[in-house]
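Let's take a walk through one protein model and look at a few of its residues. Have the picture open beside you as you read.

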Amino acid sequence: MLRGLDKVTGRPTEILAPIGKPVHYATLTVTARFCYSTPASETPETTAFVQIDDHRPDQPARKVFSGWMYASSPALNPMDHPTSDVWGIGCGSRSVISF
């Protein structure tokens, strides 16, 4: 699970991104490659490797993010995009990434 934010309207959206399956959010294609959440007995942390491509109609597709996201520190490795933010919030069951 990821959370997306439309910077224009301020509207947040939860994004379900199964591992290895591209999903679309606004002009973005988000592909979660790996997700790990610590067990409940440890300090909560979710780490995910995510790739994000931008497909704006007036420009060629381009990669806007490829790297690790940490749910406890979304600003540590932020995606740089003019109209959208995406960050991780946790891992779900069946190899689903949660943010």
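How many disulfides does the count come to? The answer is one disulfide. Keep in mind that this is a predicted model, and that each value below is computed from it.

## The disulfide

The disulfide joins C35 to C91, with the two sulfur atoms 1.6 Å apart. C35 sits in strand 5 (residues 28-37) and C91 sits in strand 9 (residues 90-91), so this pair ties together parts that are 56 residues apart in sequence. The torsion about the S-S bond of C35 and C91 is about -95°, so you can call this disulfide left-handed.

What about the surroundings of each cysteine? C35 has a relative accessibility of 18%, and because buried means under 20%, C35 counts as buried. C91 comes out at 25% relative accessibility, so C91 counts as partly exposed.

## Aromatic rings that meet

Next up, the rings. A pair of aromatic rings is described by the distance of the centres and the angle of the planes. How many aromatic pairs does the count come to? The count comes to two aromatic pairs.

One of them is F34 with W68: the centres are 5.8 Å apart and the planes make an angle of 75°, which is an edge-to-face pair. F34 belongs to strand 5 and W68 to strand 7, and with their positions 34 residues apart in sequence, the pair links distant parts of the chain. F34 is partly exposed at 42% relative accessibility, and W68 is partly exposed at 34%.

F49 and W68 form an edge-to-face pair too, at 5.3 Å centre to centre with 70° between the planes. Here F49 comes from strand 6 (residues 46-54) and W68 from strand 7, 19 residues apart, so this pair also links distant parts of the chain. Put the ring pairs together and you get a cluster of F34, F49 and W68.

## K63 and its partners

Now look for K63, which you'll find in strand 7 (residues 62-70). Is K63 buried or exposed? Something in between: K63 has a relative accessible area of 48%, so K63 is partly exposed.

Which residues is K63 in contact with, leaving aside neighbours within four places in sequence? They are Q51, I52 and D53. With D53 there is also a polar contact: the side chains of K63 and D53 are joined at 3.4 Å. You can compare sequence and space with T29 as well, since K63 and T29 are 34 residues apart in sequence and 9.3 Å apart in space, going from C-alpha to C-alpha.

## H81 in its loop

Last stop: H81, in the loop between strand 7 and strand 8 (84-88). With a relative accessibility of 2%, H81 counts as buried, because the cut-off for buried is under 20%.

What does H81 touch, not counting residues up to four places away in sequence? The list is K7, T27, L28, D54, R56 and V64. There's a link to S84 as well: a polar atom of the H81 side chain lies 3.1 Å from the backbone nitrogen of S84.

Notes
Residues are numbered from 1 along each chain as its sequence is written. This is a predicted model: local features need pLDDT of at least 70, side-chain atom pairs count only at pLDDT 80 or more; totals for chains, interfaces and linings use all residues. Side-chain values use heavy atoms; hydrogens and water are left out. Helices (H or I, at least four residues) and strands (E, at least two) are DSSP runs, numbered from the N terminus. Buried means under 20% relative accessible area, exposed over 50%, partly exposed in between (1.4 Å probe, protein chains only). Contact means heavy atoms within 4.5 Å. A polar contact is a pair of N or O atoms within 3.5 Å; within protein, one must be able to donate a hydrogen and the other to accept it, and residues adjacent in sequence count only if both atoms are side-chain atoms. A disulfide is a pair of cysteine sulfur atoms within 2.5 Å. Rings of Phe, Tyr and Trp (its six-membered ring) pair if their centres lie within 6.5 Å; planes under 30 degrees apart count as stacked, over 60 as edge-to-face and the rest as tilted.
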